[in-house]
Amino acid sequence: MSPHALRGMAGGIALCAGVIWVTYALSPEATAEPVTIVEQEELEISEMMTALQEAGYYVSAEAPQEEPVVEEPQTEEMDPPTEEDSAAEEEALIDEDLPESVTVETVNVYSMTLSITSGTSSHDVANQLEQAKIIDSASDFLRYLERNNLAEKVRAGDFEVNSAMSYQDIANRIT
């Protein structure tokens, strides 16, 4: 490489670095004032409910209809604690602080990065989603894809999906 070409390349790099620095220095994030965090006092449940109602939200204090409890058979082995056990303990602690007329319901949302390689069938994708608990039924999802002519349009890539998404949302993301 000639000295003139080398100097020209170095000058171009320096010019690009200068343009990037000026763009960053003049961006709104760089010139914005720091955000001040104001601490709030903790509210009692009745105060929270009143504040939510004043803000226009509907707050229900009546207990939902109880569903029948199905007990699982006990096993002789003790399983190590899982994340679900920790979540159940936290929920029990929360429930202790609440009045009897207020109930707390938790919903588990599963998420995953779905990796689809070239040549992967829509059947394989549906099975992966079902195994990760993103969808309830692989066959129902396949029927949805086929009904909407999307079964052959699944594309390769990495896609973020979660169990709160509908079949349509998932299909839109992966096709």
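Two residues are in contact here when heavy atoms of theirs lie within 4.5 Å of each other. With that in hand, a good place to start in this predicted model is Ile134. Leaving aside neighbours within four places in sequence, Ile134 is in contact with Tyr110, Ser111, Met112, Leu129, Val161, Asn162, Ser163 and Ile170. This residue is found in the loop between α5 and α6. Ile134 has a relative accessible area of 4%, so it counts as buried, the cut-off being under 20%. There is also a pairing across the chain to look at: Ile134 and Ala164 are 30 residues apart in sequence, and their C-alpha atoms are separated by 7.8 Å.

Now for the overall layout. The protein chain has seven helices and two strands, and from the N terminus on the order is α-α-α-α-β-α-α-β-α. Of its 175 residues, 17% count as buried. Among the contacts with a separation of 6 or more, 55% come from residues 24 or more positions apart.

The loop that holds Ile134 is also home to Lys133. Lys133 is not a glycine, yet its phi is positive, at about 65 degrees. Its relative accessible area is 48%, which means that Lys133 is partly exposed. A similar story can be told of Asn149, which sits in the loop between α6 and β2. Asn149 has a positive phi of about 55 degrees, again without being a glycine. At 58% relative accessibility, Asn149 counts as exposed.

What about the two helices on either side of the Lys133 loop? Helix α5 covers residues 122-131 and helix α6 covers residues 138-147; their axes come within 8 Å and cross at roughly 140 degrees. That angle makes α5 oblique to α6, because the label roughly antiparallel is kept for angles over 145 degrees. The crossing is right-handed. On the α5 side, the contact is made by Ser122, His123, Ala126, Asn127, Leu129 and Glu130, while α6 brings in Ala138, Phe141, Leu142 and Leu145. Sorted by type, these residues divide into six nonpolar, three polar and one charged.

One of the polar residues deserves a closer look. Ser122, in helix α5, is buried, with a relative accessibility of 12%. Not counting residues up to four places away in sequence, Ser122 touches Leu142, Leu145, Ala151 and Val154.

That leads on to the nonpolar core. In soluble globular proteins, nonpolar side chains tend to be buried together. The largest nonpolar core in this model has 22 residues, and the members that touch the most others are Leu114, Leu129, Phe141, Val161, Ile170 and Ile174. Two or more residues each come from β1 (111-116), α5, α6, β2 (157-162) and α7 (167-174). The largest share belongs to α6, with five residues. Ile170 gives a good view of how these pieces meet: beyond its neighbours up to four places away in sequence, Ile170 touches Leu129, Ile134, Ile135, Phe141, Val161 and Met165. And that list brings back Ile134, the buried loop residue from the start, which has Ile170 among its own contacts.

Conventions. Residues numbered from 1 in each chain as written. Predicted model: local features only at pLDDT ≥ 70, side-chain atom pairs only at ≥ 80, totals over all residues. Heavy atoms only, no water. Axes fitted to C-alpha atoms, helices over the stretch in contact; angles between N-to-C directions. Helix = DSSP H or I, 4+ residues; strand = E, 2+ residues; numbered from the N terminus. Parallel < 35°, antiparallel > 145°, perpendicular 65-115°, else oblique. Left-handed = near helix turned anticlockwise from the far one by under 90°. Nonpolar A, V, L, I, M, F, W, Y, C, P; charged D, E, K, R; others polar. Core = buried A, V, L, I, M, F, W, Y, C linked by side-chain atoms within 4.5 Å. Buried < 20%, exposed > 50% of the residue type's maximum accessible area, 1.4 Å probe, protein only.
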